[in-house]
Amino acid sequence: MGDIFKNVGTSAPPLLPLFRSEAQLAILGTLYVGPYRYWTISALAEYIGQPVSTTHREVARLDAAGIVTVTAEGRNRVVGPNWQLPWAGALVSLLDQTIGPLALLTEVLAEVAGLDEAWIVGSWAARHQGTPGPPPRDVDVLLVGDGMSRFAVAEATAKVADRAGVEVNPYLLSEEEWRQPAEGSFVAEFKAGPLVAVPFRKSAGA
């Protein structure tokens with residue numbers, strides 16, 4: 001995810017202009033949907049490619065608004081998400097769909113030929129839907145379609161893993177395996193749990 005935030009400016013981000021600046025969006029994206037949720041201000045500044053002064057200023061604004069938490073650990077001040085925020089879940093959903101794994105999967109899976117449906121399952125899907133728990137360490141994705149290339153899938157999901165900083169585990173399923181999963185199979189287990197659709201649009205050649 002760090003690569004997404006390199007060289008961001010201080011103007012409103014065109015990707016999501018309701019935030020006051022690219023730096024603010026980068027901070028929130030890192031804290032709420034990034035692989036690591038708690039940072040010192042200097043480490044956070046380095047990760048998002050911003051000056052420490054800019055990062056400190058934006059963190060102070062977010063802290064004053066109650067959107068992030070700032071705690072003292074020795075000589076360091078550690079920044080983290082505020083899960084007590086009433087709309088923390090909605091914020092995570094918004095960030096996931098614009099700069100997080102869901103948005104990235106939506107982008108890269110459009111290029112996978114033979115893919116008809118894609119669903120995020122497991123702990124990531126549970127957190128996305130508001131179920132409390134620790135930050136997910138990986139993203140499990142069910143890919144449904146006949147004739148998909150495992151190489152193309154691996155290449156696409158590797159891009160997401162590199163950019164989001166989280167492991168992506170793809171599971172390739174035929175249409176029949178998805179529609180009529182065997183009783184007790186991992187597919188049946190996943191279908192019974194939380195599901196988040198990846199709203200990709202097929203490219204002309206996919």
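Trainee: What makes the charged end of Lys191 count as sitting over the ring of Trp178?
Mentor: The rule asks that NZ of Lys or CZ of Arg be within 6 Å of the ring centre and within 35 degrees of the ring normal. The charged end of Lys191 lies 4.4 Å from the centre of the Trp178 ring, a value inside the 6 Å limit, so the distance part of the rule is met. Please keep in mind that this is a predicted model, where local features need pLDDT of at least 70 and side-chain atom pairs count only at pLDDT 80 or more, while totals for chains, interfaces and linings use all residues. Residues are numbered from 1 along each chain as its sequence is written, and side-chain values use heavy atoms, with hydrogens and water left out.

Trainee: Why is the aromatic pair of Trp39 and Tyr47 called tilted?
Mentor: Rings of Phe, Tyr and Trp (its six-membered ring) pair if their centres lie within 6.5 Å; planes under 30 degrees apart count as stacked, over 60 as edge-to-face, and the rest as tilted. By this rule there are six aromatic pairs. In the one formed by Trp39 and Tyr47, the centres are 4.6 Å apart and the planes make 35°, so the distance passes and the angle falls into the remaining class, tilted.

Trainee: Which residues are linked into a cluster by ring pairs?
Mentor: Tyr171, Phe186 and Phe190 are joined in this way.

Trainee: How do you know whether Trp39, Gln24 and Ala43 are buried or exposed?
Mentor: With a 1.4 Å probe and protein chains only, buried means under 20% relative accessible area, exposed means over 50%, and partly exposed is in between. Trp39 has 12% relative accessibility, so it is buried, and Gln24, at 10%, is buried as well. Ala43 has 28%, which places it in the partly exposed class. Of the 206 residues of the protein chain, 46% count as buried.

Trainee: Where does Gln24 sit, and with which residues is it in contact?
Mentor: Gln24 belongs to helix α1, residues 22-33; helices (H or I, at least four residues) and strands (E, at least two) are DSSP runs, numbered from the N terminus. Contact means heavy atoms within 4.5 Å, and, leaving aside neighbours within four places in sequence, Gln24 is in contact with Phe19, Glu58 and Leu62. The C-alpha atoms of Gln24 and Arg61, 37 residues apart along the chain, are separated by 9.2 Å.

Trainee: What makes β1 and β3 paired strands?
Mentor: Two strands pair if DSSP finds at least two bridges between them. Strand β1 (residues 39-40) and strand β3 (residues 76-81) are joined by two bridges and run antiparallel, so they just satisfy that minimum. In β3, Val79 is the bridge partner of Trp39.

Trainee: How many bridges join strand β2 to β3, and what forms the hairpin?
Mentor: Six bridges join β2 (residues 68-73) to β3, again antiparallel, and Thr71 has Val78 as its bridge partner in β3. The two strands form a hairpin with two residues between them, and Gly74 in the turn has a positive phi of about 65°.

Trainee: Why are β1 and β2 said to stand at the edges?
Mentor: The open sheet of three strands has the order β1-β3-β2. Each of β1 and β2 has a single partner strand, so one side of each is left without a neighbour in the sheet.

Trainee: What is the order of the four strands in the open sheet with mixed pairing?
Mentor: That order is β6-β5-β4-β7. Here β6 (167-173) and β7 (196-197) stand at the edges, because each has a single partner strand. Strand β4 (residues 117-121) pairs with β7 in the antiparallel sense over two bridges, and the bridge partner of Ile120 in β7 is Val196.

Trainee: Which strands does helix α5 lie across, and what makes α5 mostly covered?
Mentor: Helix α5 (residues 101-108) lies across β4, β5 (138-144) and β7, running at about 35° to β5. Axes are lines fitted to C-alpha atoms, for helices over the stretch in contact, and angles run from 0 to 180 degrees between N-to-C directions. Six of the eight residues of α5 are buried, namely Pro101, Leu102, Ala103, Leu104, Leu105 and Val108.
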